[in-house]
Amino acid sequence: MSTVLAERRPTAAGTANGGVPARRAVIRWAWRLFRREWRQQLLVLALIVVAVGATVLAAAVAVNTPPAANAGFGTAHDLATFTSPGAKLAADIAGLQDKYGRST
């Protein structure tokens, strides 16, 4: 399959797209629209400011909230941390089993 493209013809420079008068008409139209609906635009801007402020405040509260007391261990009252390997580890585990009983 092949495609043939026609040569591009140069376009004449000028005001075929409206130029300054069209731009002036659009600016006048935008200004009239703004004068008529400034309250709605201000309301939307205020709602956006409130929403962004609430989001920032909620994020700050979420980051700075301390974790619950049982967050790390659930409902456990005791925690055992083992750092020594080998025979000392076995002795530590046996000592805890004697004190608290065997876990099931």
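This is a short tour of the structure, stop by stop.

**Whole chain**

Start with everything shown. The model is predicted. Color by secondary structure: the protein has two helices and zero strands. Now color by accessibility. Of the 104 residues, 2% count as buried. Turn on the surface next. The protein exposes about 10100 Å². Carbon and sulfur atoms supply 64% of that area.

**Helix α1**

Select residues 19–64. This is helix α1, and arginine 32 is found in it. Keep arginine 32 selected. Is it buried or exposed? Neither label fits: with a relative accessible area of 42%, arginine 32 is partly exposed, because that value falls between the 20% and 50% cut-offs.

Add Arg24, Arg28, Arg35 and Arg36 to the selection. Together with Arg32, they form a positive surface patch.

Clear that and pick a second set: Trp31, Phe34, Trp38, Leu42, Leu45 and Val49. Which kind of patch do they make? The patch is nonpolar, and its area is about 620 Å². Zoom in on valine 49, one of its members. Valine 49 is also found in helix α1. Its relative accessible area is 53%, so valine 49 counts as exposed, the cut-off being over 50%.

**Helix α2**

Move on to residues 87–100. This is helix α2, with 14 residues. Put a distance between its end C-alpha atoms: they are 20 Å apart. At 1.5 Å a residue, the helix should span 20 Å, so the two values agree.

Stay in α2 and show the side chains of lysine 88 and aspartate 92. How many salt bridges does the count give? The count comes to one. Here aspartate 92 and lysine 88 meet in a salt bridge, at 3.7 Å from N to O. That distance meets the rule because the cut-off is within 4 Å. Side chains of opposite charge can pair when their charged atoms come close.

Look down the helix axis. Aspartate 92 and lysine 88 both lie in α2, four residues apart, about one turn of the helix. An α-helix has 3.6 residues a turn, so residues three or four places apart point the same way.

Compare the two partners. Lysine 88 is exposed, with a relative accessible area of 52%. Aspartate 92 counts as partly exposed, at 26% relative accessibility.

**Last stop**

Step past the end of α2. Which residue follows? Glycine 101 does, and its phi is positive, near 90°.

Terms used. Residues are numbered from 1 along each chain as its sequence is written. This is a predicted model: local features need pLDDT of at least 70, side-chain atom pairs count only at pLDDT 80 or more; totals for chains, interfaces and linings use all residues. Side-chain values use heavy atoms; hydrogens and water are left out. Buried means under 20% relative accessible area, exposed over 50%, partly exposed in between (1.4 Å probe, protein chains only). Accessible areas come from the Shrake-Rupley method with a 1.4 Å probe; for residues, only the protein chains shown count as cover. Patches are made of residues with over 30% relative accessible area and no salt bridge: like charges are joined within 9 Å, nonpolar side chains (Val, Leu, Ile, Met, Phe, Trp, Tyr) within 5 Å. Lys and Arg count as positive and Asp and Glu as negative; His and the chain ends are not counted. The place of a charge is taken as NZ of Lys, CZ of Arg, CG of Asp or CD of Glu. The expected span of a helix is 1.5 Å times one less than its number of residues.
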